Amino acid sequence: MNRSTLVAAVSAIALAWAVSPALAQDVQALRIGTSVNGALTDGDAATTGDDAYRYDDYRFEARAGQRLEAVLRSEAFDAYLAIYADDADAPLTEDDDGLNEETNARLRFTPETSGTYILRARTLSGTDGGDYSLSLREREAPPRAPRPSGLRVGAEQTGELTGRDPELEDGGRYDAYAFRAAAGQRLIVTLKSEAFDPKVLVGRMNGADFVELAQNDDGPDDGLNSRLVFTAPTAGEYVIRAAALQEGEGRYTVGLTEAPPAPPAKPIAIGDSLDGNLNEDTGANDEGQRAEFYRFSVTAGQRVAIELSSKDFDTYLTLRKASDNSVVAEDDDGAGSGTDSRIAQTLEDAGDYVVEARAFSGDGEGRFKLKLEEVAPPPAPSALTFGQTVEGEITPDAPQDDEGKHYDAYVFSGTEGQRVQAILRSGDFDAVLAIGSAEDEFSALATDDDGLGEGTDSRLNLTLPSTGDYVIRASPLTGEDKGLYALELIDRGPEPKPGSVLVGATARGTLTVADALTEEGAYFDAYRFQAKKDEKLRITLVSNAFDAFIDLGEDGEDFSSIASDDDSLSDTHAKLDWTAPEDGWYVVRARSLGPNETGAYALTVERQP
């Protein structure tokens, strides 16, 4: 930010606010059986990226087997709850709208072990926040569930969910049905209702506890009704729970029938390419979708690429472990062009795997080509430092990403909150940039195609979420392109703090390439000012260097626009007449309308005449 001295003096309090760091997030203690009223504010913790949210964390102690219920209510934001084991990154369980009161959340949780847990009260998405109420209580022990009714293979039975039925752990009533199965027996469980959205669960009883083995909400091509193909792992008695996806009551029909044998998996070896055909004689997967299956073996750590292409239908690939049928990876259009599919995966466990080749719609038909090949693990990225420009070439021998595009990779080190910019230029191909963490397999934190605003060159801006090493991938937009490129890495420093301007004053400044950027790539300077409720203000932005644009928002860590203007003063000058809705501080952005525009400007905030 390159500003000249403001015409009006800035108060010492405003300056102190502008340079004060955000408060660190504290984890508050919460006892089971208590409630708290809180607020998600700009001082609270927030995640970054496309799925950013704001949150408060609460620590509590719980016993193994303790039945708990947390409720989060807010009129200001869509409430979301999550529970974590202490010091864990992944949640044990989550809930969005479980209370069935619009956007309020209810989470039910029974810990398997005694210890310390973290309850996270957060927004579903976004970082605006607001007031909320949070409670954590112990639920009463459930009434002893009645013995399940019997259900024979090949039979159907009608029933009705009512308020007198037993309750699931996550809410909602259910009826239970018992059946016997032999080891490896394949059965189809159906649940149909016109009164509620059915959900069917299959499991076994361990004393008084139900151990879930499988569940289904929506069967194929059957509206909201449920259809589950279940393979009994051992001989014995199993239990079906007929329930509603959300709390609901009414009549239903539950059925149990023999499932047809699983379609045989044809052998395919690594390095093979074969032709196939989906038609009316093709077998179906457990969801009733037409599919062909292929089985292959790998050694531990072997990396494979699977490609499915067809001119007749939109392809879909699924890769499973043969030992337990668990899904390893799925893909729709990952081949990088059209509707073909591609999975590139490093398989950590040795053994057999099964590829399922089908149409995206499930009933598509026509000819296809399936290719399975071994690919080399990604090479170590080259080192790249800030301020450096490297020249390279994408060749057919360059490594391929999961979408089949060739790329070159570079690694750099950064610190939390650092703003970095990468620019990729090429006269030979449409340039694409991606930045991700250097740990584990590459997963992009941010990508860009044409952000430089100069044809097909890329410019990617990212504020680093943590201190560590990051990888930049430079690639063409499509897998067929190749050629020369130049890649530049720039340290843009920390985000500039807003300046301040008093009502009745003019701030004169200059937009430069070191200023903050909007998501659209427009440079801006930000200014804080204070206004009283119903105060009528006029904000003008004049520049002979760029097309001026005024963007006004409430003061806070994350900017959210509440008013804006482009050309109300003239073709390229902006004027915004605005009435303050509440007492408080606001932020006005003096920015260009389009990306990559810089130059001098004058910003005035004054009372309307």
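This section describes the overall make-up of a predicted protein model and then its charged residues, their partners and their surroundings.

The protein has 609 residues, of which 46% count as buried. Its secondary structure comprises one helix and 48 strands. The C-alpha trace extends over about 85 × 60 × 45 Å along the principal axes. One separation across the model is given by P233 and A522, whose C-alpha atoms are 59 Å apart while the two residues are 289 residues apart along the chain. P233 is placed in the loop between β18 (226-231) and β19 (236-244). With a relative accessibility of 53%, P233 counts as exposed.

Charged side chains were examined next. Side chains of opposite charge can pair when their charged atoms come close. In the whole structure, 20 salt bridges are found. Three of these pairs are described here in turn.

In the pair formed by D86 and R59, the side chains meet in a salt bridge with an N to O distance of 3.8 Å. This pair links distant parts of the chain, since D86 belongs to the loop between β7 (79-85) and β8 (93-95) and R59 to strand β5, 27 residues apart. D86 has a relative accessibility of 31% and therefore counts as partly exposed. R59 likewise counts as partly exposed, because its relative accessibility is 33%.

A salt bridge also joins the side chains of E69 and R108, with an N to O distance of 2.7 Å. Here too distant parts of the chain are linked: E69 is in strand β6 (residues 68-73) and R108 in strand β9 (residues 105-109), with their positions 39 residues apart in sequence. Both partners fall under the 20% limit for burial. E69 has a relative accessible area of 8% and is therefore buried, and R108 counts as buried at a relative accessibility of 16%.

A further salt bridge is formed by E365 and R290, whose closest N and O atoms are 3.1 Å apart. E365 lies in the loop between β28 (351-359) and β29 (366-374), and R290 in the loop between β22 (273-278) and β23 (291-298), so the pair ties together parts that are 75 residues apart in sequence. The partners are unlike in their accessibility: E365 is partly exposed at 46%, whereas R290 is buried at 19%. Beyond single pairs, salt bridges with shared partners join E69, R108, R137 and E167 into one network.

Strand β28 also holds R358. This arginine counts as buried, because its relative accessibility is 9%. The side chain of R358 makes a polar contact of 3.4 Å with the side chain of Q289.

Not every buried charge has a salt-bridge partner. D56, which is located in strand β5 (residues 54-62), is buried yet has no salt bridge. The nearest side chain of opposite charge to D56 is that of R54, at 8.0 Å. A salt bridge requires a nitrogen and an oxygen within 4 Å. The side chain of D56 does, however, make a polar contact of 2.6 Å with the side chain of Y132.

At the surface, D42, D128, D534, E554, E582 and D583 form a negative patch. Two members of this patch can be described further. D42 lies in the loop between β3 (34-40) and β4 (45-46), and its relative accessibility of 30% means that D42 counts as partly exposed. D534 is found in the loop between β42 (523-531) and β43 (536-542). With a relative accessibility of 52%, D534 counts as exposed. The backbone of D534 is also notable for its phi angle, which is near 70°, a positive value in a residue other than glycine.

Methods: Residues numbered from 1 in each chain as written. Predicted model: local features only at pLDDT ≥ 70, side-chain atom pairs only at ≥ 80, totals over all residues. Heavy atoms only, no water. Helix = DSSP H or I, 4+ residues; strand = E, 2+ residues; numbered from the N terminus. Buried < 20%, exposed > 50% of the residue type's maximum accessible area, 1.4 Å probe, protein only. Lys, Arg positive; Asp, Glu negative; His and termini not counted. Polar contact = N/O pair within 3.5 Å; in protein donor to acceptor, adjacent residues only side chain to side chain. Patch = residues over 30% accessible without salt bridge, like charges linked within 9 Å, V, L, I, M, F, W, Y side chains within 5 Å. Areas by Shrake-Rupley, 256 points an atom, 1.4 Å probe, with all protein chains shown as cover. Charge placed at Lys NZ, Arg CZ, Asp CG, Glu CD.
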